[in-house]
Amino acid sequence: MWADVSHRVRLVLAIPVLKDWRLRLLAAPLALLAGAALASDNPPIEYLDEDTGATVTAVEEPLVFEYARRDLAANGHDFATLAAASVNRGGKVEYVLIVYFWSTVDPRMRTDTLPAAEPLVIQADDRRLTLKLRGHSAHEAGIGLPVHAPPVGNAAPNVYGTDLATVRFIAAARQLALLADSDGTTLTYELWTDRRPALRAFVRHMSGEE
């Protein structure tokens, strides 16, 4: 989908400066179509949670951060999945960031542990955003279904309270990293799978900018 949109955008941008007004009229709809395609990309997931009775909105795809563990395995990686969601209960909207720590390394090969839920900091450009843990149950936050749970393992979700302004800042940041603590050592998880377009689409949806 994203590749198709990019292709259409390139076609529009490649059109030279047109002096003929008839050609300009033909080019204008192409630009509008490309803009509409970009706006509709990565729409958030939204549903009425039958278990909690809340309306849940979540990013279509999460951010994934990585910490290389070549000391344990040639292709070993520790990962952190971060997804933004909102919970609307009776018109009261709350925002959360859900983080999972997981790994492709065989647990039998490691002597350390995966990072603790706290402290956890998002390094966004020149700012450090310290996340405030609400608990380890998305259900308590009003979300009955797992939000972008890892593909392997059974990692528990860490649920952090946030607000739309913070999510907007994260989505707009040029550089992102996660700083997590493991056995007293601060680990830097680098951005591995960049899904900021999905995060920006979530922000636009929740702020009514669509």
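Here is a short walk through this structure, from its confidence scores to its strands and one pair of helices.

The model is a predicted one, so a look at confidence is a good place to begin. The average pLDDT of the protein is 82, and 78% of the residues reach at least 70. Please read residues 1-39 with that score in mind: pLDDT stays under 50 there, and the model gives this stretch 21 contacts beyond four places in sequence.

Let us move on to the strands. Strand S1, residues 45-48, pairs with strand S2, residues 55-58, in the antiparallel sense, and four bridges hold the pairing. If you would like a landmark, find tyrosine 47, which stands opposite valine 56 in S2. Together S1 and S2 make a hairpin with six residues between them. In its turn you will meet glycine 53, whose phi is positive at about 80°.

S2 also has a partner in strand S4, residues 77-89. These two strands run antiparallel as well, joined by four bridges. Here the landmark is threonine 57, which stands opposite serine 86 in S4.

Further along the chain, turn to helix H3 (residues 164-172) and helix H4 (residues 196-206). Their axes come within 9 Å and cross at roughly 145°, and the crossing is left-handed. On the H3 side, the residues that meet H4 are Leu164, Val167, Arg168, Ile170 and Ala171. H4 answers with Arg196, Leu199, Arg200, Phe202, Val203 and Met206. Sorted by character, the residues of this contact comprise eight nonpolar and three charged, with no polar ones.

Notes. Residues are numbered from 1 along each chain as its sequence is written. This is a predicted model: local features need pLDDT of at least 70, side-chain atom pairs count only at pLDDT 80 or more; totals for chains, interfaces and linings use all residues. Side-chain values use heavy atoms; hydrogens and water are left out. pLDDT is the predictor's confidence in each residue, from 0 to 100. Contact means heavy atoms within 4.5 Å. Two strands pair if DSSP finds at least two bridges between them. Axes are lines fitted to C-alpha atoms, for helices over the stretch in contact, and angles run from 0 to 180 degrees between N-to-C directions. A crossing is left-handed if the near helix is turned anticlockwise from the far one by less than a right angle, and right-handed if clockwise. Ala, Val, Leu, Ile, Met, Phe, Trp, Tyr, Cys and Pro count as nonpolar, Asp, Glu, Lys and Arg as charged, and the others, Gly among them, as polar.
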